[in-house]
Structure formats: C-alpha cells, structure tokens
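This briefing walks through selected side-chain and strand features of the structure shown below, grouped by topic.

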Amino acid sequence: MKRLLMVLVLCFLLLPAAFADEDNFFSVKSNTGPYTLMSGEEVVVGFVISNRDQVYPRNVTAYLDPCPVGWECESRVLSFADTGLHAVNLTVGVPETAQPKKYTMYILLKSEWMTRRGDDRIIFNVITDKEVTTLSYRDYSDREKALAKPAPPAEGAPAQPDVPASPAVEVEEAAAAEEPESGIRSLVPDINRSEIAENVERLESSHQFVEYASVVLIVVLVFIAAGACISFRKEK
C-alpha cells in the first residue's frame, strides 16, 4: 500500500513537468518570402525562429527541403542564450541551368529537442532575362511620366509658373500617345501641304511679276504709239 502511494505521489509530481515539456520547442514563426530571381543569382532567406524555453546549449539545425538538384542550400546549427524570437537567415544559390518556374521549399528544423512546424513555406520564382526587360504598360507610363517631369530650377533662378496646356494640345498629345503610327503617317500630308504652300507663294510672286511686266510693257507701247503718232503728224 505504501509503495502504491509513493508511485502515485511521484506521478503527481512529474505530471506538471511532463506538461511543461510540451510547451518547450523550436519553431519557425515567419519568413520574408516569396522571392523573384534569375538563374545564377543568390538570395538570402530571412526567417524568425521561436525557442520556447530552449536555451543554450540546446541546439537546432535549420535547413531547406527539398533542395533541387544543382542548387546550393545552406544549413545552420543555431543556439540561443535567451528565449523569444530570433531573426536568422540561410543563403540559397540558384544554378545557371535552373528552369524558369516556381519552386517551393520549406524551412525545416532538426534537433534532439522538440520542434514544431510553423510559417516555413517559401516560394522561389525563377524568371528569364526577357521577363526582366519586359515592362508592363503601367511601368512604361510611370517611367515616361518621370522622364517628362521638368528639371528643378537652378539655385537663385526664379521659378517659372506652370502654364496650362490648351485643350487642342492635350487632344493632339493624347492622339499621338494612343496611335503613334497615325502620327507618323500624318507627317506626309503635312509635308505636302507645306510644299503646296510654297508653290502657291511662288505662283503669287510670279503672278505679281507678270502684272508688273505687263504694266511696264503697256507703258512702253503707249510711248511708242505716241512717238509714232507725233512723227506721222510731222511728216504730214
């Protein structure tokens, strides 16, 4: 009977410690993914480890799994002197031969002490050179707006007031932005119109010259006729 009482008392004393041990564990609380990168690049994966009453010398190994063939995935043995949240990182190297697609990995923890899963899922989006150089319409518009902004005035120079553009100018700019090809084609009619205007001016100037020459010719003819009449009368 005494032995049974001793066993019950011992179990009663060890029961709180057993439940307390269930709260002592390593886990990943958060990470800085996802990541977008090109083949051949290297990225530092940042994440936060929580250690519930797991302090030095209770170590834990952090690693990435599954690590694709040819990738360089770092693993680290970590140990903490205080309980709480700790920011750590692992380096991942993407090979030049990596295919452009999304890769999913997990930050796993391995220890002789208790560990638990957490926010450990990470996505690596490997893209190509063409995807990097291709701009969306919004990115292109933002870049054009940034380039169109006037340069700031020099120090000491008076600031010039903003002059609002006329509606006609705004309509022309909008049409040129929406249909660049039509703007290019419109150059041909403009050139023809300018040539026509020059030709008309030349014709007008030549017409004036003809009128002037005609007047001079008429005056000369009048003088000749008058001289002929005078000479004819003298002969009579």
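At 5% relative accessibility, Asp 120 falls under the 20% limit and therefore counts as buried. The model is a predicted one, and the points that follow take up the partner of this acidic residue, then the aromatic rings, the charges over rings, the surroundings of Thr 115 and the open sheet.

**Salt bridge**

- The structure holds one salt bridge, in which the side chains of Arg 117 and Asp 120 meet at 2.5 Å, taken from N to O.
- The two partners differ in their exposure, because Arg 117, at 57% relative accessibility, lies over the 50% limit and counts as exposed, whereas Asp 120, at 5%, counts as buried.

**Aromatic rings**

- The structure holds three aromatic pairs, and one of them is formed by Tyr 35 and Phe 124, whose rings are stacked with 5.7 Å from centre to centre and 20 degrees between the planes.
- This stacked pair links distant parts of the chain, since Tyr 35 belongs to strand β2 (residues 35–38) and Phe 124 to strand β10 (residues 121–127), with their positions 89 residues apart in the sequence.
- Both members of the stacked pair are buried: Tyr 35 has a relative accessibility of 11%, and Phe 124 has a relative accessible area of 0%.
- Phe 124 also forms an aromatic pair with Trp 71, and this one is edge-to-face, with 6.0 Å from centre to centre and 75 degrees between the planes.
- Because Trp 71 lies in the loop between β4 (60–65) and β5 (72–73) while Phe 124 lies in strand β10, the edge-to-face pair ties together parts that are 53 residues apart in sequence.
- Trp 71 is buried, as is its partner Phe 124.
- Taken together, ring pairs link Tyr 35, Trp 71, Tyr 103 and Phe 124 into a cluster.

**Charges over rings**

- Arg 58 lies over the face of Trp 113, at 4.2 Å from the centre of the ring.
- The charged end of Arg 116 sits over the ring of Phe 25, at 4.2 Å from the ring centre.

**Surroundings of Thr 115**

- Thr 115 is part of strand β9 (residues 115–116), and at 30% relative accessibility this threonine counts as partly exposed.
- When residues up to four places away in sequence are left aside, Thr 115 touches Phe 25, Phe 26, Val 60 and Leu 109.
- For one of these contacts, Phe 26, the C-alpha atom is separated from that of Thr 115 by 4.6 Å, although the two residues are 89 residues apart along the chain.

**Open sheet**

- Five strands make up an open sheet, in which the order is β2-β10-β8-β4-β6 and the pairing is mixed.
- The edges of this sheet are formed by β2 and β6 (76–78), each of which pairs on one side only.
- On average, and with direction ignored, neighbouring strands of this sheet are turned by 30 degrees against each other.
- Strands β2 and β10 pair in the parallel sense over four bridges, and Met 38 has Ile 127 in β10 as its bridge partner.
- The stacked rings described above belong to these two strands, with Tyr 35 in β2 and Phe 124 in β10.

Methods. Residues numbered from 1 in each chain as written. Predicted model: local features only at pLDDT ≥ 70, side-chain atom pairs only at ≥ 80, totals over all residues. Heavy atoms only, no water. Buried < 20%, exposed > 50% of the residue type's maximum accessible area, 1.4 Å probe, protein only. Contact = heavy atoms within 4.5 Å. Phe/Tyr/Trp six-rings, centres within 6.5 Å; stacked < 30°, edge-to-face > 60°. Lys NZ or Arg CZ within 6 Å of the ring centre and 35° of its normal. Salt bridge = Lys/Arg side-chain N within 4 Å of Asp/Glu carboxyl O. Pairing = 2+ DSSP bridges. Axes fitted to C-alpha atoms, helices over the stretch in contact; angles between N-to-C directions.
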